[in-house]
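Please open the model in your viewer and keep the sequence beside it. The stops below go from one selection to the next, with a short account of what is found at each.

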Amino acid sequence: MRQAEHGAESGWAPDPVDVRIAGRLAALRAERGWSLGELAERSGVSRSTLSRAERAETSPTAALLNRLCHVYGRTMSRLLSEVESDPAPLVRADEQSVWEDRASGFVRRSVSPPHPALRGELVEGRLAAGADIAYDRPPVAGLEQHIWVLGGALDVTAEGARHHLAAGDCLRLRVWGPTRFRCAGDEEVRYVLAVVLP
C-alpha cells in the first residue's frame, strides 16, 4: 500500500508486507555494519529514501528494491521470501506471495519462492497498460532469465536491444546491465519470469 500524501491525518497505516520488508532491509544493513550514508553510496539511493523505506514510512518501488537487492546480493524473490514464514515445497495458489508496486502498475507473484538450496524460481508478472519499469542493474550480475508472455504484449530492452514479445513468445537472456519492461499494448500484459542464479 502506498502512503497517502496526507500521512497520518488521513489515517494511513503501512501495509504489513511493507513493514516486514522494512524490518528486513534494516536488518541486512545492520548485519553489514553500514550506516545509512554508506548504503546510500553503495546503492545510489538517497539517505532520506533509505531511512523512510527502513521505517515503513513509504512503500518501496520495484526499482528501489532492485538497487538494494543488487547491493545485498539477492534476487527480489529471495528478499521477499525472507519476510514470509518458512517456505513449503508445495505452494498453493492462494498462498503465493503477491507484491504490488502501485507507482509503476507492476504486480509480482512469487509462484515458486526461492530456496537457499535451489538456483531457480518462477515469478508471475503483470504490468498495467502504459506501465514502464526500468532497472539500472540486475540484482545479481549474470542472472539468467526466461520471459514467457501469457497474454498481452511486452517490450523488453536488455543489452541495448529491444525485444517485442506477444502472447506465447519467450525471451531468454543473461542480465549484466540495465533492463526495461514496458507494457506494449492497450491492455495489461501477463508473463512468467523464470529466474536462475548464475
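How many of the residues of α4 are buried? Select helix α4 (residues 62–72), where 8 of the 11 residues are buried, so that the helix is mostly covered; here buried means under 20% relative accessible area, exposed means over 50% and partly exposed lies in between, with a 1.4 Å probe and protein chains only. Helices (H or I, at least four residues) and strands (E, at least two) are DSSP runs, numbered from the N terminus. This is a predicted model, in which local features need pLDDT of at least 70 and side-chain atom pairs count only at pLDDT 80 or more, while totals for chains, interfaces and linings use all residues. Residues are numbered from 1 along each chain as its sequence is written, and side-chain values use heavy atoms, with hydrogens and water left out.

Colour the buried residues of α4, which are Ala62, Leu64, Leu65, Asn66, Leu68, Cys69, Val71 and Tyr72. Just after the helix comes Gly73, with a positive phi near 65°.

Next, add helix α2 (residues 36–43), whose axis comes within 9 Å of that of α4 and crosses it at roughly 100°; axes are lines fitted to C-alpha atoms, for helices over the stretch in contact, and angles run from 0 to 180 degrees between N-to-C directions. This crossing makes α2 roughly perpendicular to α4, a label given to angles of 65 to 115 degrees. From α2, Leu39, Arg42 and Ser43 make the contact, and from α4, Arg67, Leu68, Val71 and Tyr72, where contact means heavy atoms within 4.5 Å. By class, this contact has 4 nonpolar, 1 polar and 2 charged residues; Ala, Val, Leu, Ile, Met, Phe, Trp, Tyr, Cys and Pro count as nonpolar, Asp, Glu, Lys and Arg as charged, and the others, Gly among them, as polar.

Staying on α2, select its buried residues, Leu36, Gly37, Leu39, Ala40 and Ser43. They lie on the same side of α2, because they cover an arc of only 165° around the axis, the arc being that of the directions from the helix axis to the C-beta atoms. Their cover includes α1 (16–32), α3 and α4. After α2 comes Gly44, whose phi is positive, near 80°.

Now move to Glu54 in helix α3 (residues 47–54), which counts as buried at 14% relative accessibility. Leaving aside neighbours within four places in sequence, Glu54 is in contact with Ala22, Leu25, Ala26, Arg29, Leu36 and Leu39. In the loop between α3 and α4 sits Ala56, a residue other than glycine with a positive phi, near 60°, and buried at 9% relative accessibility.

For the next stop, select Pro114, in the loop between β2 (106–112) and β3 (120–127). Is Pro114 buried or exposed? Its relative accessible area is 10%, so Pro114 is buried. The C-alpha atoms of Pro114 and Leu79 are 9.2 Å apart, although 35 residues separate them along the chain.

Finally, show the largest nonpolar core, a set of 46 residues in which Trp99, Leu127, Ile147, Leu154 and Tyr191 touch the most other members; such a core consists of buried Ala, Val, Leu, Ile, Met, Phe, Trp, Tyr and Cys residues joined through side-chain atoms within 4.5 Å. The largest share of this core, 7 residues, comes from α4.

Methods. Angles under 35 degrees count as roughly parallel, over 145 as roughly antiparallel, 65 to 115 as roughly perpendicular and the rest as oblique.
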